[in-house]
Amino acid sequence: MAVSIVLFFGAFLPLLGILVAPFSPLPLCILTVKYGLRHGLMVALITIGVLSVLFSIVLGGAFIPFVFVGLVLGALARRRSTGLRALVGGTLATLMLLLGLFYLYEYVASNSQNLMTIREFWNRKFERTDEVIGDLETSVFKGNKSVTAPLRANLRTLQWMVSEVFRFPLAFFSTLAALGFAMSYFVANRMLKKLGLLFPDLPEFSKWQGTKEAVALFSACYLMTMYCWRTEALREWRVYAINILFLLFVYHLILGLSLLEFNLRRRGTDSILRVIVHLLALRFLTFPPAPLLTTLALLDPWFDFRNLALEAAPAIETDNVVLEKGDG
């Protein structure tokens with residue numbers, strides 16, 4: 001419990017928090033693997049209770065995702081689940097928790113005079129930022145609006161984007177849940193093996209492959225999004241469609257990176273160089289006008305590019321042998 005509290009607070013430190021956060025669920029995960037879910041749950045409840053009593057219920061509630069991820073990781077390890085099921089199931093469970101906490105807070109805040117809703121919180125933040133820009137315009141730039149006008153325009157765009165995201169935050173919380181759970185999963189996988197404890201392994205990333213059903217769903221959602229974009233009367237439906245389309249896009253983007261990883265490994269590319277190539281592919285081969293990664297991922301369930309590459313390799317080697325003999 002003590003280690004958990006220290007790590008929970010470390011996750012909120014500026015800059016360092018992003019490094020500490022994946023380790024925060026680890027003590028509860030180890031405890032659950034060694035002694036069972038009942039003991040892990042007992043320590044989790046006591047930890048949240050102590051934090052809530054010492055500080056506040058809101059602060060105690062902020063640590064619930066870390067506690068939840070630790071318990072889920074430990075429970076999946078004890079059940080001897082496969083790595084892929086553990087990663088997908090844990091991510092979905094974390095997503096449901098985050099969405100539940102979000103809407104619960106919105107409901108409580110909308111019926112309370114002491115708490116601000118998410119929309120009120122962000123509106124207050126943007127109002128203060130607008131006031132700061134106004135002060136700069138008056139004191140520093142002496143009424144010169146040529147500098148502050150672009151700032152105000154960008155601020156309005158950002159405010160619109162934030163309001164759209166939190167109007168239906170499925171894509172936002174899915175990304176947050178996937179990143180958070182995946183990082184903790186990989187940390188737990190490494191650490192528990194060092195402790196001699198069993199933990200589910202993932203299949204090789206280079207072998208991940210999508211399904212035809214996912215491609216059909218992506219196509220249908222894309223067409224629905226384009227249809228809803230035609231008129232503002234369908235704005236609400238458009239927001240829902242964009243969220244689902246974003247998730248399906250990220251899913252196929254990961255599969256595209258898997259194909260790239262397969263080809264890089266087959267050529268014996270160094271691990272550091274593979275990371276650089278992945279980053280360059282994300283920058284230049286993901287979005288229009290050159291969405292090569294996602295296109296390959298969408299076509300892979302039908303053409304199976306990995307087997308095509310393996311079948312083509314012996315033919316190339318044979319041609320090389322013939323050329324060498326001819327030269328001799």
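This briefing describes the two largest pockets of the structure and the residues that line them. The model is predicted, so local features need pLDDT of at least 70 and side-chain atom pairs count only at pLDDT 80 or more, while totals for chains, interfaces and linings use all residues. Residues are numbered from 1 along each chain as its sequence is written, and side-chain values use heavy atoms, with hydrogens and water left out.

**Terms**
- On a 1 Å grid over the protein atoms alone, a pocket is an open set of points where a 1.4 Å probe fits, with protein on both sides within 12 Å along at least five of seven lines, and lining residues have an atom within 4 Å of a point.
- Points are joined across faces, edges and corners, and a volume is the space filled by probe spheres set on them.
- Helices are DSSP runs (H or I, at least four residues), numbered from the N terminus.

**Largest pocket**
- The largest pocket has a volume of about 1800 Å³, and of the 40 residues that line it, L87, A182, F205, W208 and I254 are the closest to its centre.
- At least two lining residues come from each of α7 (83-110), α10 (170-194), α12 (235-266) and α13 (271-284), with α10 giving the largest share, 11 residues.
- This lining divides into 26 nonpolar, 7 polar and 7 charged residues, where Ala, Val, Leu, Ile, Met, Phe, Trp, Tyr, Cys and Pro count as nonpolar, Asp, Glu, Lys and Arg as charged, and the others, Gly among them, as polar.

**Second largest pocket**
- The second largest pocket has a volume of about 1400 Å³, and of its 39 lining residues the closest to the centre are G61, A62, P65, L98 and L101.
- In the lining of this second pocket, α10 gives the most, with 9 residues.
- The lining of the second largest pocket has 33 nonpolar, 6 polar and no charged residues.
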